[in-house]
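User: Please take a close look at one part of this model, the disulfide and the helices that it connects to. I would like a connected account rather than a list.

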Amino acid sequence: FEALRTGIAQTWSIIVGSVSGLWAMLSGQIGSCNLGGAISIAESTGQAATTGFTSFVLWIGVLSAAIGFLNILPVPVLDGGHLAFYTWEALAGRPPSARAMDILTRVGMALVLMLMVFGLSNDIMCR
């Protein structure tokens, strides 16, 4: 039970840190170079692996929690977007129109791709 409590507390801390970090970037309190992409993730994973097995496993847990949090955001094409569509259907009694779902899905895909390109460009430009 202690391990479960600690896991929940640490996961919550990671989510709160992710939200506050994103907010700090959007509000200009910290630079956007704090957001990395695939290259930064690979480098951090390698550093954690060289530090030892425990550090590596903890890093993978942090990474999983952060990615899981992003995945649950209400952005179409992500799981949170599907939940938003299901919520709409439950409240409205019908699914969104095919046109609305198409447009929102395209916007969601564009947002996800822009975030990926932004993170990758930060990996290259902010070194």
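Analyst: What follows starts at the disulfide and moves outward to the helices and loops around it.

The model is predicted, and confidence comes first. The protein chain has an average pLDDT of 93, and 100% of the residues score at least 70. Among the elements of the chain, the mean pLDDT is lowest for α1, at 91, and highest for α4, at 95.

The structure holds 1 disulfide. The link joins Cys33 and Cys126, with 1.9 Å between their sulfur atoms. The torsion about the S-S bond is -60°, which makes the link of Cys33 and Cys126 left-handed. Cys33 sits in the loop between α1 (2-26) and α2 (38-51), while Cys126 belongs to the segment after α5 (98-125), so the bond ties together parts that lie 93 residues apart in sequence. Are the two cysteines buried or exposed? Cys33 is partly exposed, at 47% relative accessible area. Cys126 is also classed as partly exposed, with a relative accessibility of 29%.

On the Cys126 side, the helix that precedes the cysteine is α5 (98-125). Met125 is placed in this helix, α5, and is exposed, with a relative accessible area of 67%. Met125 also belongs to a nonpolar surface patch of about 390 Å², which it makes together with Ile39, Leu120 and Ile124. The greatest contribution to the nonpolar patch is that of α5, which supplies 3 residues.

Helix α5 also holds a salt bridge, between Arg106 and Asp102. The N to O distance in this pair is 3.1 Å. Arg106 and Asp102 are 4 residues apart in α5, about one turn of the helix. In an α-helix there are 3.6 residues a turn, so residues three or four places apart point the same way. Of this pair, Arg106 is exposed, at 58% relative accessible area, whereas Asp102 is partly exposed, at 38%.

On the Cys33 side, the loop that carries the cysteine lies between α1 (2-26) and α2 (38-51). Helix α1 has a salt bridge of its own, formed by Glu2 and Arg5. The closest N and O atoms of Glu2 and Arg5 are 2.7 Å apart. These two residues are 3 apart in α1, and are therefore separated by about one helical turn. Arg5 is partly exposed, with a relative accessible area of 49%. The count of salt bridges in the structure comes to 2.

Beyond the loop of Cys33 is α2, a helix of 14 residues. At 1.5 Å a residue, α2 should span 20 Å, and the C-alpha atoms at its ends are 20 Å apart, so the two values agree. After α2 comes Gly52, with a positive phi near 145°.

A positive phi is also found away from the disulfide, at Val77, near 85° and in a residue other than glycine. Val77 is in the loop between α3 (53-71) and α4 (79-92). Its side of the picture is completed by its accessibility: Val77 is partly exposed, with a relative accessible area of 30%.

To return to the starting point, the disulfide of Cys33 and Cys126 ties the loop between α1 and α2 to the segment after α5.

Notes: Residues are numbered from 1 along each chain as its sequence is written. This is a predicted model: local features need pLDDT of at least 70, side-chain atom pairs count only at pLDDT 80 or more; totals for chains, interfaces and linings use all residues. Side-chain values use heavy atoms; hydrogens and water are left out. A disulfide is a pair of cysteine sulfur atoms within 2.5 Å. Buried means under 20% relative accessible area, exposed over 50%, partly exposed in between (1.4 Å probe, protein chains only). The expected span of a helix is 1.5 Å times one less than its number of residues. Patches are made of residues with over 30% relative accessible area and no salt bridge: like charges are joined within 9 Å, nonpolar side chains (Val, Leu, Ile, Met, Phe, Trp, Tyr) within 5 Å. Accessible areas come from the Shrake-Rupley method with a 1.4 Å probe; for residues, only the protein chains shown count as cover. A salt bridge is a side-chain nitrogen of Lys or Arg within 4 Å of a carboxyl oxygen of Asp or Glu. pLDDT is the predictor's confidence in each residue, from 0 to 100.
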